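This report introduces a structure to a reader who has not met it before. The sequence and the model are shown first, and the discussion follows.

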Amino acid sequence: MEIRTDYTDDQNYTHVDYWETEDDNAEGRTIAIVCRDTKKVYFIDNGFRTDYWVKNAIEDVLSEL
């Protein structure tokens, strides 16, 4: 499993993306987004809400703000 937070869209939302494999050709999915303006986190997949690695990734994004 790999979690990435390296994409911020034009509306200033950082996407928390999930890949089941480290293969760059595999399709990932967005499981949460972080609004960089309000610092609110919106989960798209609530199954990841308590995941240790996802929470750390979100904390890293918020600490940059």
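Which side chain of opposite charge is nearest to the buried Asp17, and how many Å away is it? The model is a predicted one, and in it the nearest such side chain is that of Arg4, 7.2 Å away. A salt bridge requires a side-chain nitrogen of Lys or Arg within 4 Å of a carboxyl oxygen of Asp or Glu. Asp17 is therefore buried without a salt bridge.

**Surroundings of Asp17**

Asp17 belongs to strand β2, which covers residues 13–19. The side chain of Asp17 does have a polar partner: it makes a polar contact with the side chain of Thr30 at 2.7 Å. Leaving aside residues up to four places away in sequence, Asp17 touches Glu2, Ile3, Arg4, Arg29 and Thr30. Among these neighbours, Arg4 and Glu2 are joined to one another by a salt bridge, with N and O 3.1 Å apart.

**Strands and their pairing**

Strand β2 pairs with β3 in the antiparallel sense, over six bridges. Within this pairing, His15 has Ile33 of β3 as its bridge partner. Strand β3 also pairs with strand β4 (residues 41–43), again in the antiparallel sense, over three bridges. There, Val34 stands opposite Val41 of β4. The hairpin of β3 and β4 has five residues between the strands, and Lys39 takes a positive phi near 65° in this hairpin.

How is β3 placed with respect to the rest of the structure? Five of its seven residues are buried, so β3 is largely enclosed by the rest of the structure.

**The nonpolar core**

The largest nonpolar core consists of nine residues: Val16, Tyr18, Ile31, Ala32, Val34, Phe48, Val54, Ile58 and Val61. Strands β2 and β3 (29–35) and helix α1 (52–64) each supply at least two residues of this core. Val34, one of the core residues, has contacts with Asn12, Tyr13, Thr14, Val16, Lys40, Val41, Ile58, Val61 and Leu62, again not counting residues up to four places away in sequence.

**Salt bridges**

Side chains of opposite charge can pair when their charged atoms come close. The model has three salt bridges, listed below with the distance between N and O atoms.

| Positive residue | Negative residue | N to O distance |
|---|---|---|
| Arg4 | Glu2 | 3.1 Å |
| Arg29 | Asp45 | 2.8 Å |
| Arg36 | Glu64 | 3.7 Å |

In the pair of Arg4 and Glu2, Arg4 counts as buried because its relative accessibility is 17%, under the 20% limit. Glu2, with a relative accessible area of 23%, is partly exposed.

The salt bridge of Asp45 and Arg29 links distant parts of the chain: Asp45 lies in the loop between β4 and α1, and Arg29 in strand β3, 16 residues apart. Both partners are partly exposed, Asp45 at 21% relative accessibility and Arg29 at 39%.

Which parts of the chain does the pair of Glu64 and Arg36 tie together? Glu64 lies in helix α1 and Arg36 in the loop between β3 and β4, so this salt bridge ties together parts that are 28 residues apart in sequence. Glu64 counts as exposed, at 57% relative accessibility, whereas Arg36 is partly exposed, with a relative accessible area of 23%.

Note on methods
Residues numbered from 1 in each chain as written. Predicted model: local features only at pLDDT ≥ 70, side-chain atom pairs only at ≥ 80, totals over all residues. Heavy atoms only, no water. Helix = DSSP H or I, 4+ residues; strand = E, 2+ residues; numbered from the N terminus. Buried < 20%, exposed > 50% of the residue type's maximum accessible area, 1.4 Å probe, protein only. Lys, Arg positive; Asp, Glu negative; His and termini not counted. Polar contact = N/O pair within 3.5 Å; in protein donor to acceptor, adjacent residues only side chain to side chain. Contact = heavy atoms within 4.5 Å. Core = buried A, V, L, I, M, F, W, Y, C linked by side-chain atoms within 4.5 Å. Pairing = 2+ DSSP bridges.
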